[in-house]
Amino acid sequence: MNSHPHLTHGQTKPSPALPSRAEVTDAPALGVVRLSSQAIFTGAREVEIEHYGALYRLRQTSQGKLILTK
């Protein structure tokens with residue numbers, strides 16, 4: 001039986017780290033979605049991003065730069 005009452009079989013609970021729609025600014029004509037780094041990191045220095053089955057890490061340096069590694 002599914003542990004979350006609003007999900008059907010095979011679905012997973014959405015990640016709480018994802019920003020709400022109110023935090024996302026998008027420009028549909030350009031096909032671009034803009035997310036603030038504060039919404040992505042939510043206080044952490046590093047986040048993991050799963051992309052087509054591969055795991056990536058996005059981290060902030062002490063100088064405030066971003067580094068994406070596979």
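Two strands are taken to pair if DSSP finds at least two bridges between them. In this predicted model, strand 4, residues 54-60, is joined to strand 5 by 4 bridges, and the two run antiparallel. One position can be followed directly in the structure: Gln60 stands opposite Leu66 of strand 5.

This pairing belongs to an open sheet of 3 strands, whose order is 3-4-5 and whose pairing is antiparallel. Strand 3 (46-51) and strand 5 (66-69) form the edges, each pairing on one side only. From one strand to the next, the twist averages 20 degrees.

The confidence of the prediction should be considered alongside this arrangement. Averaged over the chain, the pLDDT is 76, and 59% of the residues score at least 70. Among the elements of the chain, strand 5 has the highest mean pLDDT, 98, whereas strand 1 (residues 24-27) has the lowest, 56. For residues 1-7 the pLDDT is below 50, and this stretch has 7 contacts in the model beyond near neighbours in sequence.

Attention may now turn to the charged side chains of the sheet. Side chains of opposite charge can pair when their charged atoms come close. The structure holds 2 salt bridges. In one of them, the side chains of Glu46 and Arg57 meet with an N to O distance of 3.2 Å. Because Glu46 lies in strand 3 and Arg57 in strand 4, this pair ties together parts of the chain that are 11 residues apart in sequence. Arg57 also forms a salt bridge with Glu48, where the closest N and O atoms are 3.1 Å apart. Glu46, Glu48 and Arg57 are thus linked in a network of salt bridges.

How buried or exposed are the residues of this network? The class called partly exposed lies between the buried limit, under 20% relative accessible area, and the exposed limit, over 50%. Glu46 has a relative accessible area of 35% and is therefore partly exposed. Arg57, at 40% relative accessibility, also counts as partly exposed. Glu48 has a relative accessible area of 49%, so this residue too is partly exposed.

In summary, the sheet has the strand order 3-4-5 with antiparallel pairing, and a salt bridge from Glu46 in strand 3 to Arg57 in strand 4 ties together parts of the chain that are 11 residues apart in sequence.

Conventions: Residues are numbered from 1 along each chain as its sequence is written. This is a predicted model: local features need pLDDT of at least 70, side-chain atom pairs count only at pLDDT 80 or more; totals for chains, interfaces and linings use all residues. Side-chain values use heavy atoms; hydrogens and water are left out. Axes are lines fitted to C-alpha atoms, for helices over the stretch in contact, and angles run from 0 to 180 degrees between N-to-C directions. pLDDT is the predictor's confidence in each residue, from 0 to 100. Contact means heavy atoms within 4.5 Å. A salt bridge is a side-chain nitrogen of Lys or Arg within 4 Å of a carboxyl oxygen of Asp or Glu. Buried means under 20% relative accessible area, exposed over 50%, partly exposed in between (1.4 Å probe, protein chains only).
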